[in-house]
Amino acid sequence: MKEIEKEKVQLRKVYRKIRPGIPDKEARSRKICKKIASMPEFHNCRNILLYYPLPHEVDIKPLFEKCRSVGKNIYIPFMKELALGKVESFEDEKVRTEPGNAIIDLAVVPGLAVDKEGHRLGQGG
């Protein structure tokens, strides 16, 4: 294993221990959603890739609703099928179509941690 990979493994252990103690996840999630919705990249995109939030991730359901209200095409990765699908609702994952030739203009992805320069540390997999 390369040195950088070893460092990432250690960082993931540290941040996984810290994450449950972060207060007011709901308010922080709403703030993050509002920040994303205010960005020019959000306003200018037509096709957006979101994720279905797990309990320990930022809850982006308000952003999903914002996307729906302004007519954006919403895509979510379906990991079991290793496919990308266009969705209308978080509640019913079966209501989806294949993306066809859609070009994703903006992707919102979860991360375990982000540094001051915006470099993302993912879950590792």
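**View 1. Lys13 sits in helix H1 of this predicted model.** Helices are DSSP runs of H or I with at least four residues, strands are runs of E with at least two, and both are numbered from the N terminus. Lys13 is partly exposed, with a relative accessible area of 46%. Three words describe accessibility: buried is under 20% relative accessible area, exposed is over 50%, and partly exposed lies in between (1.4 Å probe, protein chains only). Lys13 and Gly71 are 58 residues apart along the chain. Their C-alpha atoms are separated by 39 Å.

Residues are numbered from 1 along each chain as its sequence is written, and side-chain values use heavy atoms, without hydrogens or water. The model is predicted, so local features need pLDDT of at least 70 and side-chain atom pairs count only at pLDDT 80 or more, while totals for chains, interfaces and linings use all residues.

**View 2. The whole chain combines helices and strands.** It has four helices and seven strands. From the N terminus on, the elements run α-α-α-β-α-β-β-β-β-β-β. The C-alpha atoms fill a box of roughly 40 × 30 × 25 Å, taken along the principal axes. Of the 125 residues, 28% count as buried. A contact means heavy atoms within 4.5 Å. Among contacts between residues at least 6 apart in sequence, 56% join residues at least 24 apart.

**View 3. Asp24 has a positive phi.** The angle is near 50 degrees, in a residue other than glycine. Asp24 is in the loop between helix H1 (3-18) and H2. Asp24 counts as exposed, at 52% relative accessibility.

**View 4. Tyr52 lies in a loop between strand E1 (47-49) and H4.** Tyr52 counts as partly exposed, at 35% relative accessibility. Tyr52 and Arg19 are 33 residues apart in sequence. From C-alpha to C-alpha, they are 18 Å apart in space.

**View 5. The largest nonpolar core has 18 residues.** A nonpolar core is a set of buried Ala, Val, Leu, Ile, Met, Phe, Trp, Tyr and Cys residues joined through side-chain atoms within 4.5 Å. Phe42, Ile48, Leu50, Leu63, Cys67, Ile74 and Val108 have the most contacts inside this core. Helix H2 (25-38), helix H4 (61-69) and strand E2 (73-78) each supply at least two of its residues. In soluble globular proteins, nonpolar side chains tend to be buried together.

**View 6. Leu50 touches many partners, among them Leu63, Cys67 and Val108.** Its other partners are Ile60, Phe64, Ile74, Tyr75, Ile76 and Pro77. Residues up to four places away in sequence are not counted here.

**View 7. The cysteines form zero disulfides in the whole structure.** Cys33 is in no disulfide, and the nearest cysteine sulfur, that of Cys67, is 9.2 Å away. A disulfide is a pair of cysteine sulfur atoms within 2.5 Å. Cys33 is buried, with a relative accessible area of 4%. Which cysteine sulfur is closest to that of Cys45? The one in Cys67, at 6.4 Å, which is too far for a bond. Cys45 also counts as buried, at 6% relative accessibility.
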